[in-house]
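Student: I am new to this structure and would like a close look at a single part of it. Could you take me slowly through one strand and then outward to what lies around that strand?

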Amino acid sequence: MENKETQEAKETPAVTPEEKADRCRENLEKAIAAVKRELPGMTLLENEPMSAHCSFRIGGPVRALAAPEDVTSLSRLCSILKDNHIAPMMLGNGTNILFPDEGLDQLFLVSTEKLTGMFLLPDGAIYAEAGVSLSKLASFARQNELAGLEFASGIPGTVGGGTIMNAGAYGGELKDVIESVVILYVPDQRLYELTREQCAFAYRTSLFKKMGGCLVLSVVFRLDKGDGEAIAAKMRELNERRRDKQPLDLPSAGSAFKRPEGYYAAALIDEAGLKGYTVGGAQVSEKHAGFVVNIGGATSHDVYDLLMHVRETVWREKGVQLEPEIIILPPDYRLEDNGPAVHRNHITVNEIPEDGDSLPQ
Ligand SMILES: Cc1cc2nc3c(=O)[nH]c(=O)nc-3n(C[C@H](O)[C@H](O)[C@H](O)COP(=O)(O)OP(=O)(O)OC[C@H]3O[C@@H](n4cnc5c(N)ncnc54)[C@H](O)[C@@H]3O)c2cc1C
C-alpha cells in the first residue's frame, strides 16, 4: 500500500532545475523593476562584469549590483527583494571571492561600499559600518591610541566581509576584538544585535557564513588602551612582513586554502612541488605557495582547475585534505573527485532561507 506522501509525490510534478532557474530569473526581473521604481536614486548596475569588482580581476556579468547609501535604504532594498522572493548576496571589497566567467544571471548583489560610517562610542569602543575597510579601521584605532587591530591593517577586506570570514593574520583574529554585531536577517527582515559568543566565530568562519541570510550592517570593536607610536610600529612591521612574503603585485584572493589542522597549506603545496604550477593564466605563486595569482588573463576555470589539481596532488602526496578558503561561486561546485568531499560554501543565491527561528535571541 502506498502511503500519503508517496501518493502526493506522484501527483505533484517535480520542478526541474531549469524551471526553477526560469522562475528565479522572472522574479529577479520583477525585483529589478521594483527597485528602479521605488528607489530611483540608488546606484544600480545591471549586467556588471565582476572582474571590475574583485581582487582576482576575474568574473563575468552579474545581473544586478546595487550600492545603498545607508542602512535605511539597504533595509528598504532588502524588503523589496524579499517581496519578489529574492535573497541578495553581499559584496565587500571582493577580496575573497572567485566569480565565474559565465556570469551570474540569477544573482542580486548588494555592495557595502557606501556604508562607511565609523566613530568612537562614549565608552571608548569603535562603531564601524560594514563597508569600512579593515585598513581604515586599524588606522582609526591607532589614531585613538587603541591597540588590538594592528594585525588587520594589511587585510584588504571590509568590516562586513572580515566579520563573516573571521579574518585574521599574525596570531590575531577579528573575533578577539569584536564585542557585538548588528545584522539584518533576510527571512524575517528584522535587525538582531548579537554578542561575540552568539556569532559562533571559529577559524575563518562564523554563524553568518554557516547560516546564510545574515547581512552584517555594523560591528562594535572593544580594544585596549595602547601607545600610538608602538601601535604604528607594530603595523609597519607586520605590513613589511606581508610585502616581503606575499605576491601583492599580482591579482589574487589571498590564501587559497584554509590552514589544515597541524600543518601549513603553503608548506604542503611547496613540498608537493607545486610552486609555480600554472594552468592558463592562473599560477601557484612563486613567492608564496599558499596564494594562487592571476598572471594575466586567468579565467575562473583556470583557477578552479588549478585549485583542484593542488588539492588532488596534496591529498595523494601528503595525505592531507585541503579546503578552499576562497569562496567559489556558484556554490554547487563539485569537489568529490579531488580527494574526500569538503563542505560546500553556504552562499544563498536567490533563495530565502526558511530557517527563520534559529538565530540566537
Ligand atoms: C592580498 C590579499 C591578502 C589577504 N590576506 C588575508 C589575511 O591575512 N587574513 C585573512 O583572513 N584574509 C586575507 N585575505 C582575504 C580577504 O581579504 C578576507 O577574507 C576579507 O575578510 C574579505 O573581506 P571582503 O570585504 O573583501 O569580503 P568579500 O570578498 O567581498 O566577501 C567575502 C564573503 O563575505 C560576504 N560578505 C561581505 N560583506 C558582507 C556583509 N556586510 N554581510 C554579510 N556578508 C558579507 C560575501 O557575501 C562573501 O560571502 C587576503 C586577500 C588578499 C587579496
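Tutor: What follows starts from strand β18 and its sheet, and then moves on to the ligand and to a second sheet.

Please keep in mind throughout that this is a predicted model. Strand β18 covers residues 291–294, and both of its faces are covered, with Phe291 and Val293 buried on one side and Val292 and Asn294 buried on the other. The strand belongs to an open sheet of 4 strands, whose order is β15-β18-β17-β16 and whose pairing is antiparallel. In that order β18 stands between β15 and β17, and each of these two pairings can be followed residue by residue.

On one side, β15 and β18 pair in the antiparallel sense over 2 bridges. Here Ser252 stands opposite Val293 of β18, while Ser255 has Phe291 of β18 as its bridge partner. On the other side, β17 and β18 also run antiparallel, joined by 3 bridges, and in this pair Val284 has Val292 of β18 as its bridge partner. The chain passes from β17 to β18 through a hairpin of 6 residues.

The edges of this sheet are taken by β15 and by β16, residues 278–279, and because each of them has a single partner strand, one side of each is left without a neighbour in the sheet. Helix α9, residues 300–318, packs on the sheet and touches β16, β17 and β18, and the direction of α9 makes about 30 degrees with that of β17.

From β18 the path to the ligand leads through its partner β15, residues 252–255, which supplies at least two residues of the shell around the ligand, as do β3, α5, β9 and β13. That shell has 33 residues, and the closest to the ligand are Gly92, Gly157, Gly160, Gly161 and Gly254. The largest share of the shell, 5 residues, comes from helix α5, which spans residues 159–165. By class, the shell is made of 18 nonpolar and 15 polar residues, with no charged ones.

Another contributor to the shell, strand β3 at residues 89–91, leads to a second open sheet of 4 strands, which has the order β1-β2-β5-β3 and mixed pairing. Its edge strands are β1, residues 43–49, and β3, and each of them pairs on one side only. Neighbouring strands in this sheet are turned against each other by 30 degrees on average, with direction ignored. Strand β1 pairs with β2, residues 61–67, in the antiparallel sense over 6 bridges, and within this pair Leu44 has Ala66 of β2 as its bridge partner. Helix α2 packs on this second sheet, touching β1, β2 and β5, and the direction of α2 makes about 40 degrees with that of β5.

Helix α2, residues 17–38, also packs with helix α3, residues 71–83, at an angle of about 145 degrees and with their axes 9 Å apart. The way α2 passes α3 is a right-handed crossing. On the α2 side the contact is made by Ala31, Ala34, Val35 and Glu38, and on the α3 side by Leu77, Ile80 and Leu81. Sorted by class, this contact has 6 nonpolar residues, 1 charged residue and no polar residues.

How values were computed
Residues are numbered from 1 along each chain as its sequence is written. This is a predicted model: local features need pLDDT of at least 70, side-chain atom pairs count only at pLDDT 80 or more; totals for chains, interfaces and linings use all residues. Axes are lines fitted to C-alpha atoms, for helices over the stretch in contact, and angles run from 0 to 180 degrees between N-to-C directions. A crossing is left-handed if the near helix is turned anticlockwise from the far one by less than a right angle, and right-handed if clockwise. Two residues are in contact if their C-beta atoms, placed from the backbone, lie within 7 Å. Ala, Val, Leu, Ile, Met, Phe, Trp, Tyr, Cys and Pro count as nonpolar, Asp, Glu, Lys and Arg as charged, and the others, Gly among them, as polar. A residue is near a molecule or strand if its C-beta atom, placed from the backbone, lies within 6 Å of it. Two strands pair if DSSP finds at least two bridges between them. A residue is buried if 20 or more other C-beta atoms lie within 10 Å of its own, exposed if 12 or fewer, and partly exposed in between; C-beta atoms are placed from the backbone.
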